[in-house]
Amino acid sequence: MLLLIYLADRQKIMKSYHLLALPLLAALLLPSTIMAQTAQEEAAAIYELSGVKGGFVVHVGCGDGTLTTALRSGKQFQVHGLALAEDQLEAARSVVKQQGVYGPVAIDMLHSGQLPYIDNLVNLLVIDRGSDIQQEEILRILTPGGVAVTRKGEGWKKQVKPRPDNIDD
């Protein structure tokens, strides 16, 4: 009798482990889907924080390109990712091609602390980990009223370029 109770309890425990293991196994087998959802949510949070509704977006330190492609949340955005290393460049370009957004999203290598843009061009500058862009450079490329968001820990810090008094809306 004790043996039957022991075996029945053991079966219940094993079923519980199986129920717990299924979601974990699914998460391990579908990492790109989970990461894509996270990148979409992060891009949405960046746009909510910045208030930017369209224009030219630059992502410095684009990593594997997942967040960069998510920043292209609509036709109103043109996105340019800047990789900090060769392996990031290749990975990000691969993601852009896989997502089918090459053209509206492009990836290049950042070779120095000077960003490759003319003055007052960028509406939203997203500065990720590993990049060290000087304040003067940020303000140089942002449009008046343009926004820079810089990753700080798990969140983002917002900075808005002031609009000169002598410029109309």
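The side chains of D108 and R93 are joined by a polar contact of 3.4 Å. That is one of several side-chain pairings worth a look here, and bear in mind that this is a predicted model. Counting salt bridges gives six, and we'll walk through some of them, along with two aspartates, D108 and D128, and a hairpin.

**D108 and its surroundings**

- D108 sits in strand 3, and with 32% relative accessibility it falls in the partly exposed class.
- R93 isn't the end of the story: a polar contact of 2.6 Å also links the side chains of D108 and H80.
- Skipping neighbours within four places in sequence, D108 is in contact with H80, G81, L82, A83, L89 and R93.
- Take L89 from that list: it is 19 residues from D108 along the chain, yet the two C-alpha atoms are separated by 6.7 Å.

**Salt bridges around helix 5**

- As general background, side chains of opposite charge can pair when their charged atoms come close.
- D119 and R140 make one such pair, with their side chains meeting in a salt bridge at 2.9 Å, N to O.
- D119 is in the loop between strand 3 (105-109) and strand 4 (122-127), while R140 belongs to helix 5 (residues 135-141), so this pair ties together parts that are 21 residues apart in sequence.
- Both ends are partly exposed: D119 has a relative accessible area of 45%, and R140 has one of 21%.
- R140 has another partner, E137, and the side chains of those two meet in a salt bridge at 2.7 Å, N to O.
- This one stays inside helix 5, where E137 and R140 are three residues apart and therefore separated by about one helical turn.
- Is E137 buried or exposed? E137 is buried, with a relative accessible area of 11%.

**A salt bridge between two loops**

- The side chains of R129 and E154 also meet in a salt bridge, at 3.8 Å, N to O.
- R129 lies in the loop between strand 4 and helix 5, and E154 in the loop between strand 5 (142-152) and strand 6 (155-160), so the pair ties together parts that are 25 residues apart in sequence.
- On accessibility, R129 is partly exposed at 48%, whereas E154 counts as exposed at 74%.

**The hairpin of strands 5 and 6**

- Strand 5 and strand 6 pair in the antiparallel sense, over six bridges.
- One of the pairings puts T150 opposite K157, its bridge partner in strand 6.
- The two strands form a hairpin with two residues between them, and G153 in the turn has a positive phi of about 65°.

**D128 and its partners**

- D128 is found in the loop between strand 4 and helix 5, and at 11% relative accessibility it counts as buried.
- Which residues does D128 touch, not counting those up to four places away in sequence? They are H59, V60, G61, L67, R151 and W156.
- Two of these come with side-chain polar contacts: D128 to H59 at 2.9 Å, and D128 to R151 at 2.5 Å.
- D128 and R151 also belong to a network with E42, joined by salt bridges that share partners.

Technical notes. Residues are numbered from 1 along each chain as its sequence is written. This is a predicted model: local features need pLDDT of at least 70, side-chain atom pairs count only at pLDDT 80 or more; totals for chains, interfaces and linings use all residues. Side-chain values use heavy atoms; hydrogens and water are left out. A salt bridge is a side-chain nitrogen of Lys or Arg within 4 Å of a carboxyl oxygen of Asp or Glu. Helices (H or I, at least four residues) and strands (E, at least two) are DSSP runs, numbered from the N terminus. Buried means under 20% relative accessible area, exposed over 50%, partly exposed in between (1.4 Å probe, protein chains only). Contact means heavy atoms within 4.5 Å. A polar contact is a pair of N or O atoms within 3.5 Å; within protein, one must be able to donate a hydrogen and the other to accept it, and residues adjacent in sequence count only if both atoms are side-chain atoms. Two strands pair if DSSP finds at least two bridges between them.
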